[in-house]
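Good morning, and thank you for joining this session. I would like to walk you through one structure, pausing at a few chosen places.

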Amino acid sequence: MTSKASVRKPSLTRGRAATATRPDAAQTNGGGEPLVVYFDDIRLVRDLLGDYDANLAVLEDRLGISATVNGNAVALRGPDEACAAAKAVLEQLYGRLAQGEMIGAGEVVGAIRHARVTETNDDGAPDAKAQQIRTRKRLITARTPAQSAYLESLQRNDLVFATGPAGTGKTYLAVAFAAACLEAGRCDRLILSRPAVEAGERLGFLPGDMREKVDPYLRPLYDALYDVLAPERVERGLDTGVIEIAPLAFMRGRTLSHAMIILDEAQNCTAVQLKMFLTRIGEGSKMIVTGDPTQVDLPPGKDSGLNDAIEILRGIDEIGHIAFSKSDVVRRELVGRIVEAYEAAPNEQAAATPAPKTGENA
């Protein structure tokens, strides 16, 4: 870590919190000496704090502390545990800036999430370290502990299921991990697949050749690829077959060896389809299966096979399962609130429905 060790110093008088100090935070430690964190590079400190100290404001709001900035030092006031967590977050984010990563409000929230749930070190400071993926285009850092567990599971296991609501990074991290493996020479090719199932609509016949017909269904995979790899790398990979994006129906009868294989939207696979896909994995390959069991678009009479596959394969070595929840939504906080509202709706409706009277048909 490039930042210096913090020490206790008298209160600083300049900076954001000099005009926006939280009385409740200051009263928690009786107005005692703040915890001061020093950094070496003032240019990185400006990026760390964000435009108009926006990143620092997120830290204050989430941890219930006040912060005062004076040059390359940040003084933290509030409960001891919250200040220790804030110090760990600031130092981790500063280190990520030193590695060339861009820091915004989302990265601050992610670092806070890690700091709140991870175990403490011997010195009592939270361990806020998050797992990372590096491609030539960018460095990607897990924003929640579940995302860190996801990346660790991908390293350990040859087959990983990732389930949970939209916006938790299931597909994006899978594609980023696969792209990093390709660039590092850990696999020979990427194979990305989705079932060609429409989300409650019937679009009819689509014009064009086979690729033009299936591309609309596979667009989320393209979006993730272009975000983690240079465009020319993606185009060259698609042209040479090193990167293959294909609908699920094209997988039958194949053996996929020395490849990173991703099946997205697996909740729209039947049990037969999913069994077919899972048995395609060959020597030297890893497979990642992602899906949201609450958003099944299969036609009436067809059941999703995703949950059944997870239960059948539970306990087998080299197979992992990461279950994300609404607290892991990183797309934006509004998405998390939408997911939470939909989860609560059935319970609220059931509670509001009057029980049938005695003698009535239930």
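Let me begin with Glu-101, which sits in the loop that runs between α4 (80-98) and α5 (105-117). Please bear in mind throughout that this is a predicted model.

Is Glu-101 buried or exposed? Its relative accessibility is 7%, and because buried means under 20%, Glu-101 counts as buried. Two side-chain partners deserve mention here. The side chain of Glu-101 makes a polar contact of 3.0 Å with that of Arg-96, and another polar contact, of 3.1 Å, with the side chain of Thr-141. Setting aside residues up to four places away in sequence, Glu-101 touches Arg-96, Glu-107, Gln-132, Leu-139 and Thr-141.

I turn next to Thr-144, in the loop between β6 (139-141) and α6 (145-156). Thr-144 has a relative accessible area of 0% and is therefore buried. Which residues does Thr-144 contact, leaving aside its neighbours within four places in sequence? They are Arg-113, His-114, Asp-328 and Val-330. With Asp-328, the side chain of Thr-144 also forms a polar contact of 3.3 Å. In addition, the C-alpha atoms of Thr-144 and Ala-111 are 7.6 Å apart in space, while the two residues are 33 residues apart in sequence.

Our third stop is helix α9, residues 231-240, in which Arg-233, Val-234, Gly-237 and Leu-238 are buried. These residues lie on the same side of α9, because they cover an arc of only 130° around the axis. The other side of α9 carries exposed residues, namely Glu-232, Asp-239 and Thr-240. Just after the helix comes Gly-241, with a positive phi of about 90°.

Let us now consider the salt bridges. How many salt bridges does a search of the whole structure find? The search finds 10, and I shall present some of them. As background, side chains of opposite charge can pair when their charged atoms come close.

One salt bridge joins Asp-41 to Arg-43, with 3.2 Å between the closest N and O atoms. Arg-43 is exposed, at 56% relative accessibility.

Another salt bridge forms between the side chains of Lys-87 and Glu-91, at 3.3 Å from N to O. Both residues belong to helix α4 and are 4 residues apart, about one turn of the helix. Lys-87 and Glu-91 are both buried.

A further salt bridge brings together the side chains of Arg-194 and Glu-265, at 2.9 Å from N to O. Arg-194 is in strand β8 (residues 189-194), whereas Glu-265 is in the loop between β10 (259-263) and α10 (271-278), so this pair ties together parts that are 71 residues apart in sequence. Arg-194 is buried, with a relative accessible area of 10%, but Glu-265 counts as partly exposed at 24% relative accessibility. Asp-264 joins these two residues in a network of salt bridges.

Finally, I direct your attention to the surface. Which residues make a nonpolar surface patch of about 320 Å²? Leu-334, Ile-338 and Tyr-342 make this patch. Leu-334 is located in helix α12 (residues 333-352) and, at 35% relative accessibility, counts as partly exposed.

That concludes the tour. Thank you for your attention.

Terms used:
Residues numbered from 1 in each chain as written. Predicted model: local features only at pLDDT ≥ 70, side-chain atom pairs only at ≥ 80, totals over all residues. Heavy atoms only, no water. Helix = DSSP H or I, 4+ residues; strand = E, 2+ residues; numbered from the N terminus. Buried < 20%, exposed > 50% of the residue type's maximum accessible area, 1.4 Å probe, protein only. Polar contact = N/O pair within 3.5 Å; in protein donor to acceptor, adjacent residues only side chain to side chain. Contact = heavy atoms within 4.5 Å. Arc of directions from axis to C-beta. Patch = residues over 30% accessible without salt bridge, like charges linked within 9 Å, V, L, I, M, F, W, Y side chains within 5 Å. Areas by Shrake-Rupley, 256 points an atom, 1.4 Å probe, with all protein chains shown as cover. Salt bridge = Lys/Arg side-chain N within 4 Å of Asp/Glu carboxyl O.
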